[in-house]
Amino acid sequence: MQVRFSLLGALTVHDGAEEVPVAGPILRSLLATLLLRANRPVTMETLCAALWGDSPPESAHASLHNHVARLRRAIGADRIRSVAGGYLLAVGDGESDVEEFTGHLQRARSAVLAEDWETVSAAVTAALTLWRGRPLSDRPRAAETHPEVEQLVEMRLQALEWRFDAALHQGRDQGLVAELANCVAEHPLREAFHRQLMLCLYRAGRRAEALEVYHRLRRTLVAELGVEPGPAVQEAHQRILTDSEPQPVPAPAGEMPQAEAARVAAPIPAQLPPTARSFVGRGEQMDNLRAVLGQDAGRPRLAVVCGMAGVGKTALAVETATALRDVFPDGQLFLRLNGATTGLRPLSPWRALAILLRDLGVRAGQLPTGPDDTDAAAALLRSVLAPTRTLLVLDDAATAAQVRPLLPAAPGCAVLVTSRSPLATLEAVTIALDPLTEDDSLALVRLVSGRGIAEGVTSADGSVRRLVELCGRLPLALRVISARLAARRSLSIDAVVASLTVQQQRLDQLDFDDLSVRGSLSVAYQALAQADSIDDRTAALAFRRLGLLHVAHYSPPVAARLMGVSHRRAEAALNRLVDVALLEEVQFGHYVPHDLVRDVMRELALSQDGDDAVTRAAATERAVHWYAAMTSGAARAVLPPGHRWVKPLTPPDDIRVPSDADEAVTWFDAERANLMALLGQPDLASLSTDHIIALSLATSAVLMQRGHFETLLSTARTLATLAEAHGSDEARILAHNYVAAAHWGSGRPEASLQTVDHLIDVCRAIGDDYGMRAEMSNRGMLLRELGRMQEADAALHECLRRCQEAGDLYNEALTLTNIGNIHYVEDRPQLAIGYYEQSIAVGRKLDMPIVELQARCNIGHAHLALGDNDSALHHFEAALAFTLAESDWVTEREIRLGLSRSLRAVGEYDRADGECVVVLDRALAQGDIVSQRLGHTEHGHVLHAAGRHAEARAAWEAALLLCADDVTAEGEYRSLIASADQAAQGSSQPDSVATA
């Protein structure tokens, strides 16, 4: 994969079409460390130090192994090579901005020696164009550990020196004074910048200021270092004293900066508001804006900063514009367009034009007086700005139509717009702002509250992190809370957190003086609710009704039922809410509000000015009915035919439920977080019993099939509570069945057995013979897992007799498989195969592929035990060839791990490795600890067999960490780790200490 690695600023990776996501601070620090030493080996110790500092965890090498594997999947497996004692990242020509940057500087260095100043200027300009900011600016702590970062910073300063020298030699030093003054202020001991500033000031006729620069430098050097300025500075000083500084040949007139020719007698506008003392972070966004607005593109530059209310759009715009003042010497205009300002209507284009023209010195008689003058006024503005380099900051724009007449056409001008909407039709460069990072949020709290590290405002303080989380890392909310802390020194952070934790009080706590989060977030809703447009009022209805449902994200079908409108109108309403930054479409069809916006939604949903209680209840019931019908349909599509764990629910005519297993799994995985939130809804008991029990049953069934066992335990307990409240024996039995399954899938067979024994008693008491047979089979399986083989064998044969007498083919097939498993564990694989084949025969009578799937998997394991690797491989591949949606997660896991063992046995290590990676990825995504441990174990065996002993050790170390106080397993893993160490040292081949 051809990629572009960029380190000069925030770390980014592009594949030519889009950015390659490298998520998480650990993974980004790992990539940065490898990139800074590209094409060179980096030791494990160096990588661990970069990731965890001086206190790496005990499992550092195991964790590093996992992170490297994840990074390989992100940027290409062949990129990162295992070398002795570490790893190497291979980077080709033209794939790294650092390599390109150093290449330009090498060309510049040669040109400096040859005094070829044109080449110097071109080379350093090309190098500095690549510089987006301090290397690893998004990982400042990580950057501190890398000396290469300081080397790159020093190279940039050298490039700046050469650029200024080239300009001085070519007579193109006009306009450099401000930039050099900043360099001198930032680097008070760097003599070259002082020399260059002296010469620029002298040539501009400011001789006294030039001499003062020299004397200030001399005082600093003598006071701090005890030395005099160097020869180059002293020589420049003498030339200025004696007026003997030679004048360079000036640049051709056509190349003179446009600002010099555009100066007029009228005052130069400098309207930017003061920068905020509390401004923090946003380094990457500022770099991008400066690159867009500061470049000479031969056409006017336009950028839009968009985002929700209170996210800091204006602060970023002002900070960026202030940093660019020297690039726009003919003025900086700032105009608020009132697109979302409480109590004010958006500024009309003609009114905005009148203000801009007035501030540029246009006579009153030429200013527009009404909408009819808009086109003429826009043309006049373009004419006035044509010969200038001027920056316009248009704050709080409502629409693209409001902004378009205000845009200049001059190539020297630039416009920076802020808006809640991205204003996509302007075709501008768009910078979408998210809430701050946690570190930047903490920095803002320290700045505004006046409470520093000594008072506990650090990331190590859980209360402070909780405070930041409760404010949603929204700058406005953080400023309000910090102002409260500053005003009341006795107010503790714990007390503020306690107030914010009560959801009904949170918005009240976020009002202070003239700052109001509620007011800021409500402006867009009020504008929609009061608009003339029916579409806007429909969007306001959507916003209010969404607050009735406490779910993670919203979709058009759910919104349609909450609103009582068509799918099309609901989707249009959601998209309108995205336009005004009240929702974000995080993926197609999934809309999410910020947490504080969610609070406003809930307030409005229950407000006296909204809907009455009957209307709210009906809207909620329609949405829950949709979820119940969809989840029941998904369960029917995923589970085997006739599965008794799904309560049938007939969907309304307008609901199209998932039609096949693939569609059902996709839908369920996308909606799982919402289903969990619904089952935790505070007013659950007030909803329709049929709907909520159907929803709970279907959700639990699919959770079990998908292997989400910890989540299943919570859902099953909710179902049990509902079943007890409504007196449903069937739901109560199924709920406890799911509890038992959750305990078993999470590696707690004792707890599962207790639940199954209780279920057998309940089934016997109510006469549920089918349920009793199913639980007897489960009981035998659990007894086997606990090593109680005689009890297991007796229980299973009794169950088999009952199943055959009752003609219960499904439970007969499962029981035959469980009996076969006893023979397998007791080292009788040939007998086990016989029972598995009987199970397949019974399953085929039922036309239930899941039965054959599980039996084939077990037959594969039995052939491995017999040493018949080819037959094992055949059975595992046949099992995997079934539609995987037919299987539950545990069966799929066992098939893939068995397939890996078979492939390992026949020497196909790459394929075996791939199966392990699939298992580990799925297990990690589902939080399945048991499957993670099994996956790491088999992965270690594969790596060990392939001669990759260090990686095998890391895999087994990762498995060891997941043992959960299992002393026997710990001993086996320590033996495996020792064998890997022994093999790595080359002293002997590893013993077969434990089976996979």
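## Exercises on a predicted model

In this predicted model, α38 passes α40 in a left-handed crossing. The exercises start from this pair of helices.

**Exercise 1.** Determine how helices α38 and α40 are oriented to each other, and which residues make their contact.

*Solution.* Step 1: locate the helices. Helix α38 covers residues 849-866 and helix α40 covers residues 889-905. Step 2: take the geometry. Their axes come within 10 Å and cross at roughly 30°. Step 3: apply the cut-off. Angles under 35 degrees count as roughly parallel, so α38 and α40 are roughly parallel to each other. Step 4: list the contact. From α38 come Leu853, Gln854, Cys857, His861 and Leu864, and from α40 come Thr891, Glu894, Ile895, Gly898, Arg901 and Ser902. Step 5: sort by class. The contact of α38 with α40 has four nonpolar, five polar and two charged residues.

**Exercise 2.** Do the same for helices α3 and α43.

*Solution.* Step 1: helix α3 spans residues 60-75, and helix α43 spans residues 949-960. Step 2: they pack at an angle of about 110°, and their axes are 7 Å apart. Step 3: angles of 65 to 115 degrees count as roughly perpendicular, therefore α3 and α43 are roughly perpendicular to each other. Step 4: α3 contributes His61, Ala62, His65, Asn66 and Arg72, while α43 contributes Glu951, Ala954, Ala955, Glu957 and Ala958. Step 5: by class, this contact of α3 with α43 has four nonpolar, three polar and three charged residues.

**Exercise 3.** State the strand order of the sheet that holds β3, β4 and β5, and find its edge strands.

*Solution.* Step 1: the three strands form an open sheet in the order β3-β5-β4, with antiparallel pairing. Step 2: β3 (42-43) and β4 (80-83) each have a single partner strand and stand at the edges, so one side of each has no neighbour in the sheet. Step 3: look at one pair. β4 and β5 (residues 86-89) pair in the antiparallel sense over four bridges, and Arg81 stands opposite Leu88 in β5. Step 4: add the helix. Helix α1 (residues 25-36) packs on the sheet and touches β3, β4 and β5. The direction of α1 makes about 70° with that of β5.

**Exercise 4.** Decide whether Ser777 is buried or exposed, and name the residues it touches.

*Solution.* Step 1: Ser777 lies in helix α34 (residues 769-785). Step 2: buried means under 20% relative accessible area. Ser777 has 2% relative accessibility, so Ser777 counts as buried. Step 3: leaving out residues up to four places away in sequence, Ser777 touches Leu796, Cys799, Leu814, Thr815 and Asn818.

Conventions: Residues are numbered from 1 along each chain as its sequence is written. This is a predicted model: local features need pLDDT of at least 70, side-chain atom pairs count only at pLDDT 80 or more; totals for chains, interfaces and linings use all residues. Side-chain values use heavy atoms; hydrogens and water are left out. Two strands pair if DSSP finds at least two bridges between them. Helices (H or I, at least four residues) and strands (E, at least two) are DSSP runs, numbered from the N terminus. Contact means heavy atoms within 4.5 Å. Axes are lines fitted to C-alpha atoms, for helices over the stretch in contact, and angles run from 0 to 180 degrees between N-to-C directions. Angles under 35 degrees count as roughly parallel, over 145 as roughly antiparallel, 65 to 115 as roughly perpendicular and the rest as oblique. A crossing is left-handed if the near helix is turned anticlockwise from the far one by less than a right angle, and right-handed if clockwise. Ala, Val, Leu, Ile, Met, Phe, Trp, Tyr, Cys and Pro count as nonpolar, Asp, Glu, Lys and Arg as charged, and the others, Gly among them, as polar. Buried means under 20% relative accessible area, exposed over 50%, partly exposed in between (1.4 Å probe, protein chains only).
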